[in-house]
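Trainee: Please take one part of this model and go through it closely. I'd like to see how its pieces fit together, with enough of the rest to place it.

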Amino acid sequence: MFPPSELDKLEEEGRIYWPPRGDMPAYKRYLDEMPGVPLQDIFIDIQPVVGKLERLGYPTQKPEALLERIVRASSNEGDLVLDPFCGCGTTVTVAERLHRRWVGIDITHLAITLIKKRLHDTFSPEELAPYEVIGEPADAKGAEALAAENRHQFEWWALGLVDAAPAQDKKKGADKGVDGVLYFQEKDDGPYHKVIVQVKSGHVGAKEVRELEGTRKQEKAEVAALLTLKPPTRPMKEAVPADYYVSALFPDLRFPRLQILTIAELFAGKQLEYPRWVPPKTFKRAARRRKGPTDEEKQQGLL
């Protein structure tokens, strides 16, 4: 196709490929010299996180469709997927659904609580594979160590034990008696009722108990909970008011307006008492999904 003089010029320019086993040489073509647009790393066919079912309120949350494409394009079933900044758990949730092994890392116990809840909301108990959480307290001594290391991380972790979210208006270093909050309903279309939570890792006395009761009334909360590392003293117990929230649906059921729970009791299975027949509305609930082909794979017929 080329005269000898042209072939010599192409050879000098490095335009000829010589196969290692003496096969027919070929002309080299470079992508930047060819028509068309190189493959981009910007996907314009995937919408941002939209709708109530997927949006969990995390500020940097990514759409599952985006992570589906990345995980499927870069791994096979059984491969290990690592997300060292996993936030609200989109990557690990997608990896679990696509039958990948996964490791998710985040610096805050608040994120770990959110990820665990998302996994359990997304998959049924039969589908969710066992996983291990490394780095969070496994007993009361571990909780004491976390409190000594970082009081705010201890607070976020302890709030997760009762399914409470950090108070939105709480600023770091300020303590006005409300560290966390959760909401409950007695029926799906009924009003929301507030439960406020205070976490104490140090000394607590009867004064703090009385102040919390005052805060409960000021916040118009039905129930207040005090989470402590140390068992309550006798004066603390005596400071608890003999007042109860009475269920509107079941008048025979009463719940203490102010409750003191220790971390050891929570590890032992004790729960914060409030009506639980309607799932709590503290965190937005992730949509239930089944493992198997992704939405993108279904659209492409890749079953």
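Mentor: Start with a term: two residues are in contact when heavy atoms lie within 4.5 Å. The model is predicted. In the protein chain, take the contacts with a separation of 6 or more: 57% of them join residues 24 or more positions apart. The chain has 303 residues, and 40% count as buried. Its accessible surface is about 19200 Å², with 55% belonging to carbon and sulfur atoms. There are 10 helices and 11 strands.

The part I would pick is the open sheet. It has 5 strands, in the order E5-E6-E7-E8-E11, and the pairing is mixed. Look at the edges. Strand E5 (165–166) and strand E11 (258–262) each have a single partner strand, so one side of each is left without a neighbour in the sheet.

Now move inward. Strand E7 (residues 193–200) and strand E8 (residues 223–228) run parallel, joined by 6 bridges. One pair to find on screen is Val 199 with its bridge partner in E8, Leu 227. On to the next pairing. E8 and E11 are also parallel, over 5 bridges. Here Leu 226 stands opposite Ile 260 in E11.

Is E11, an edge strand, mostly covered or mostly open? Mostly covered: 5 of its 5 residues are buried. Leu 258, Ile 260 and Thr 262 point one way. Gln 259 and Leu 261 point the other way, and these are buried too. So Ile 260, the residue opposite Leu 226, has no neighbour on one side within the sheet, because E11 is an edge strand, yet Ile 260 is buried.

Next, the helix on the sheet. H6 lies across E5, strand E6 (180–184), E7 and E8. Against E7, H6 runs at about 140°.

H6 also meets a helix. The axes of helix H5 (residues 140–149) and helix H6 (residues 151–161) come within 5 Å and cross at roughly 135°. The two are therefore oblique to each other. On the H5 side, the contact uses Ala 143, Leu 146, Ala 147 and Glu 149. On the H6 side, Arg 151, Gln 153, Phe 154 and Trp 157 take part. By class, that is 5 nonpolar, 1 polar and 2 charged residues. One general point helps when you view such a helix face: an α-helix has 3.6 residues a turn, so residues three or four places apart point the same way.

For context, step away from the sheet to helix H3 (residues 90–97). H3 is mostly covered, with 8 of its 8 residues buried. Among them are Glu 96 and Arg 97, alongside Val 92 and Val 94. The buried residues of H3 pack against helix H2 (64–74), strand E3 (80–83), E4 and H4. After H3 comes His 99, with a positive phi near 65°.

E4 and H4 lead to one last spot. Asp 106 sits in the loop between strand E4 (101–104) and helix H4 (109–122). Its C-alpha atom is 6.6 Å from that of Pro 84, a residue 22 positions away along the chain. Leaving out residues up to four places away in sequence, Asp 106 touches Tyr 58, Phe 85, Cys 86, Gly 87, Ala 111 and Ile 112.

Conventions: Residues are numbered from 1 along each chain as its sequence is written. This is a predicted model: local features need pLDDT of at least 70, side-chain atom pairs count only at pLDDT 80 or more; totals for chains, interfaces and linings use all residues. Side-chain values use heavy atoms; hydrogens and water are left out. Axes are lines fitted to C-alpha atoms, for helices over the stretch in contact, and angles run from 0 to 180 degrees between N-to-C directions. Helices (H or I, at least four residues) and strands (E, at least two) are DSSP runs, numbered from the N terminus. Angles under 35 degrees count as roughly parallel, over 145 as roughly antiparallel, 65 to 115 as roughly perpendicular and the rest as oblique. Ala, Val, Leu, Ile, Met, Phe, Trp, Tyr, Cys and Pro count as nonpolar, Asp, Glu, Lys and Arg as charged, and the others, Gly among them, as polar. Two strands pair if DSSP finds at least two bridges between them. Buried means under 20% relative accessible area, exposed over 50%, partly exposed in between (1.4 Å probe, protein chains only). Accessible areas come from the Shrake-Rupley method with a 1.4 Å probe; for residues, only the protein chains shown count as cover.
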